[in-house]
Amino acid sequence: MSADRSLQILLDELGRLPGIGPKSAQRIAYYLLEADAEEARRLADAILAVKAQVHFCSRCFNYATDDECAICQDSSRDRTRICVVSEPRDVTAIERTGNYRGLYHVLGGVISPIDKIGPEQLHIRELLARLGSEDIQEVIIATNPNIEGETTASYLARIIKPMDIAVSRLASGLPVGGDLEYADELTLGRAIEARRIL
Ligand SMILES: [Zn+2]
């Protein structure tokens, strides 16, 4: 294979990555060309290892290297609460806050009629099975505050509430450091609804 051809393949592959445009792809490709072989191999190995070792947790569908993820296996977690998110990266985001010690359930997306994604395409059946077999007292729905996220949240609330389990939704409001006059009315409206007593 010619040098041009193999460089082109690398550029094409890099360009497929989210957030990497042609310019960034070029910058990374030239960086790798000049990097020593060991550095390039570490990157390639890391990609292969993550594909070979990481799969979905059999209980909550978060990323895991064992049958269950580290959170499901952690006996110090509050096992009476489940926080429902749409993607594994949302688990990471909530974990970063350090404010939540319960369990999770990853839906693997949100209800979106336009994309032909209904409840049966998501891990909702598995969630309901958990609510039936685990001792859960509260389900916190943390889907994104957009139309699909809201649709998914109300769908879940409707089927979970009759099971005698508390259902809550993340409060959404004003960004910290934000300015009232620049907030859009949806955000400001939510912030008023989700106000708390001081
Ligand atoms: Zn898990």
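This is a walk through the structure above, one selection at a time.

**Start with the whole chain**

Keep in mind that you're looking at a predicted model. Colour by secondary structure and you should find eight helices and six strands. Going along the sequence, the order is α-α-α-β-β-α-β-α-β-α-β-α-β-α. Now zoom out. The radius of gyration is 21 Å, well over the 16 Å that the globule rule gives for 198 residues, so the chain is more spread out than a compact globule. Along its principal axes, the C-alpha trace spans about 65 × 45 × 35 Å. How much of the chain is buried? Of the 198 residues, 17% count as buried. As for contacts between residues at least 6 apart in sequence, 45% of them link residues at least 24 apart.

**Colour the two domains**

Select 3-53 for domain 1 and 72-170 for domain 2, as the domain assignment has them. Their centres, taken over C-alpha atoms, sit 35 Å apart.

**Helix H3**

Stay in domain 1, and select residues 37-53, which make up helix H3. This helix has 17 residues and runs 24 Å from its first C-alpha to its last, close to the 24 Å expected at 1.5 Å a residue. How many of its residues are buried? The count is zero, so to speak of cover, H3 has hardly any.

**Residues 57-72 and the strand just before**

Next, select 57-72. An unreviewed UniProt entry lists this span as "zinc finger region: C4-type". In the model the span is 19% helix and 12% strand, and its end C-alpha atoms are 8 Å apart.

Now click on Phe-56, in strand E1 (residues 55-56). Phe-56 has 15 other C-beta atoms within 10 Å, so this residue counts as partly exposed. Show its contacts beyond four places in sequence and you get Phe-61, Tyr-63 and Ala-64. Asp-67 is eleven residues along the chain from Phe-56, with 8.0 Å between the two C-alpha atoms.

**The UniProt Toprim span**

Select 80-175, which an unreviewed UniProt entry lists as "domain: Toprim". This stretch is 35% helix and 20% strand, and its end C-alpha atoms lie 29 Å apart.

**The largest nonpolar core**

Show side chains for Cys-60, Ile-82, Val-84, Val-85, Tyr-104 and Val-106. These have the most contacts inside the largest nonpolar core, a set of 26 residues. Which elements supply at least two residues each? Strand E3 (78-85), strand E4 (102-106), helix H6 (124-133), strand E5 (138-141) and helix H7 (147-160) do. E3 gives the most, with four residues. As background, nonpolar side chains in soluble globular proteins tend to be buried together.

Centre the view on Val-106. Leaving out residues up to four places away in sequence, Val-106 touches Cys-60, Phe-61, Asn-62, Val-85, Glu-87, Pro-88, Val-91 and His-123.

**Two stops on helix H7**

Thr-151 and Ala-153 make a handy pair to click through. Thr-151 is in H7, and so is Ala-153. Buried or exposed? Ala-153 has 21 other C-beta atoms within 10 Å, and a residue needs 20 or more to be buried, so Ala-153 counts as buried. Thr-151 has 15 C-beta neighbours inside 10 Å, which puts this residue in the partly exposed class.

Beyond four places in sequence, Ala-153 is in contact with Ile-141, Thr-143 and Arg-169. Try a couple of distances too. From Ala-153 to Pro-18 is 27 Å, C-alpha to C-alpha, with 135 residues separating them in sequence. Thr-151 and Leu-198 are 47 residues apart in sequence and 31 Å apart in space, again C-alpha to C-alpha.

**Two positive phi values**

Most residues other than glycine have a negative phi. Two loop residues here are worth a click on that account.

Lys-116 is in the loop between E4 and H6, and its phi is near 60°, a positive value in a residue other than glycine. With 7 C-beta neighbours inside 10 Å, Lys-116 counts as exposed.

Finish on Asp-164, in the loop between H7 and strand E6 (166-169). Its phi is near 65°, also positive in a residue other than glycine. Asp-164 counts as exposed, with 8 C-beta neighbours inside 10 Å.

Notes: Residues numbered from 1 in each chain as written. Predicted model: local features only at pLDDT ≥ 70, side-chain atom pairs only at ≥ 80, totals over all residues. Domains from an automatic or database assignment. Core = buried A, V, L, I, M, F, W, Y, C linked by C-beta atoms within 7 Å. Buried ≥ 20, exposed ≤ 12 C-beta atoms within 10 Å, placed from the backbone. Contact = placed C-beta atoms within 7 Å. Rg over C-alpha atoms; globule rule 2.2 N^0.38 Å. UniProt positions renumbered as here; feature names shortened; annotations may be inferred. Expected span 1.5 Å × (residues − 1).
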